[in-house]
Amino acid sequence: MKESYFKSVVMVERLHRLFLEVIGVELEQMQVRDINSVQSLLLYHIGREQVTVGELTGRGYYLGSNVSYNLSKMIKNQYLVHERSDHDRRISNVKLSEKGLALCAKIDELFKKHAKELERNGIGSNQLNNLVNIFNGLEGFWKSLLGGRQKS
C-alpha cells in the first residue's frame with residue numbers, strides 16, 4: 001500500500017506538469033504567445049466571474065505570490081481588467097477582458113476536444129468521476145493531517 005500511495009502522489013505531480021506542457025503546445029498552435037499555460041488555466045478558472053486574489057488563493061488553486069505575479073502579467077497583456085473595490089480600496093478585483101473571454105472560449109473548446117478524444121480512447125465520464133472521488137478522498141485525508149495548520 002505504501003508504494004502505491006507514493007506512486008500515485010508522484011503520478012499526480014507528473015500528470016500536472018504534463019498537462020501544463022500540453023496546454024503550452026496548444027497555445028503555440030493557436031499562435032498565442034503572450035500568455036503561458038499556468039496563466040491560461042488561471043484565466044479559465046476566473047471565467048465570467050469578477051474575483052479577488054484572495055478568492056483565487058482561497059479556492060486552493062494557486063499560491064498568493066504566484067497569483068499576484070501571473071495576474072499582473074495577464075493585466076499587462078490585456079487578458080484581464082483590474083479594478084479597485086468600491087467598498088474597500090485595498091481590495092482589487094479582476095475580470096476577463098474581451099481578449100481574455102475570447103481565449104477562455106478557445107480553451108473551453110480545447111477541453112471539449114480533449115474530452116471527446118478521451119472517450120474515443122476508452123476513458124469515459126464514469127471513470128473520470130471515480131478519479132475525482134479518489135482525489136477528493138486524498139485531499140480530505142491530507143487536510144485532516146494538517147488539522148488547524150492549513151492555510152485557506
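Helix and strand axes are lines fitted to C-alpha atoms, and the angles between them run from 0 to 180 degrees between N-to-C directions. With that in hand, α2 can be placed: this helix lies across β1, β2 and β3 and runs at about 95 degrees to β3. Please keep in mind that the model you are looking at is predicted. The protein chain holds six helices and three strands, and this briefing walks through some of them.

**The chain as a whole**

- Starting at the N terminus, the elements of the protein chain follow the order α-α-β-α-α-β-β-α-α.
- Taken along the principal axes, the box filled by the C-alpha atoms of the protein chain is roughly 50 × 45 × 20 Å.
- The protein chain has 152 residues, and 25% of them count as buried.
- Among contacts in the protein chain with a separation of 6 or more, 50% come from residues 24 or more positions apart.

**The sheet**

- The three strands make an open sheet, ordered β1-β3-β2, and their pairing is antiparallel.
- β1 (51-52) and β2 (80-84) are at the edges and have a single partner strand each, so one side of each has no neighbour in the sheet.
- Five bridges join β2 to strand β3 (residues 92-96), in the antiparallel sense.
- If you would like a landmark in the sheet, look for Glu 83, which stands opposite Asn 93 in β3.

**Helix α2, the one lying across the strands**

- Helix α2 covers residues 37-46 and is mostly covered itself, with seven of its 10 residues buried.
- Those buried residues are Ser 37, Gln 39, Ser 40, Leu 41, Leu 42, Leu 43 and Ile 46.
- Where α2 starts, Asn 36 has a side-chain oxygen that comes to within 3.1 Å of the backbone nitrogen of Val 38.
- After α2 comes Gly 47, which has a positive phi, near 55 degrees.

**Where α1 meets α6**

- Two packed helices are described by the angle between their axes and the distance between the axes.
- For helix α1 (residues 2-29) and helix α6 (residues 125-146), the axes come within 13 Å and cross at roughly 105 degrees.
- Angles of 65 to 115 degrees count as roughly perpendicular, so α1 is roughly perpendicular to α6.
- On the α1 side, Tyr 5, Val 9 and Val 12 take part, and they meet Phe 135, Leu 138, Phe 141 and Trp 142 in α6.
- Sorted by class, this contact of α1 with α6 has seven nonpolar residues, no polar ones and no charged ones.

**Two buried residues to look up**

- Glu 26 is another residue to find in helix α1.
- Its relative accessibility is 13%, and buried means under 20%, so Glu 26 counts as buried.
- Leaving aside residues up to four places away in sequence, Glu 26 touches Leu 110, Lys 113 and His 114.
- Ser 97 sits in the loop between β3 and α5 (98-120).
- With a relative accessible area of 12%, Ser 97 is buried as well, by the cut-off of under 20%.
- Ser 97 touches Gln 78, Tyr 79, Leu 80 and Val 81, again not counting residues up to four places away in sequence.

Definitions and conventions. Residues numbered from 1 in each chain as written. Predicted model: local features only at pLDDT ≥ 70, side-chain atom pairs only at ≥ 80, totals over all residues. Heavy atoms only, no water. Buried < 20%, exposed > 50% of the residue type's maximum accessible area, 1.4 Å probe, protein only. Helix = DSSP H or I, 4+ residues; strand = E, 2+ residues; numbered from the N terminus. Polar contact = N/O pair within 3.5 Å; in protein donor to acceptor, adjacent residues only side chain to side chain. Parallel < 35°, antiparallel > 145°, perpendicular 65-115°, else oblique. Contact = heavy atoms within 4.5 Å. Nonpolar A, V, L, I, M, F, W, Y, C, P; charged D, E, K, R; others polar. Pairing = 2+ DSSP bridges.
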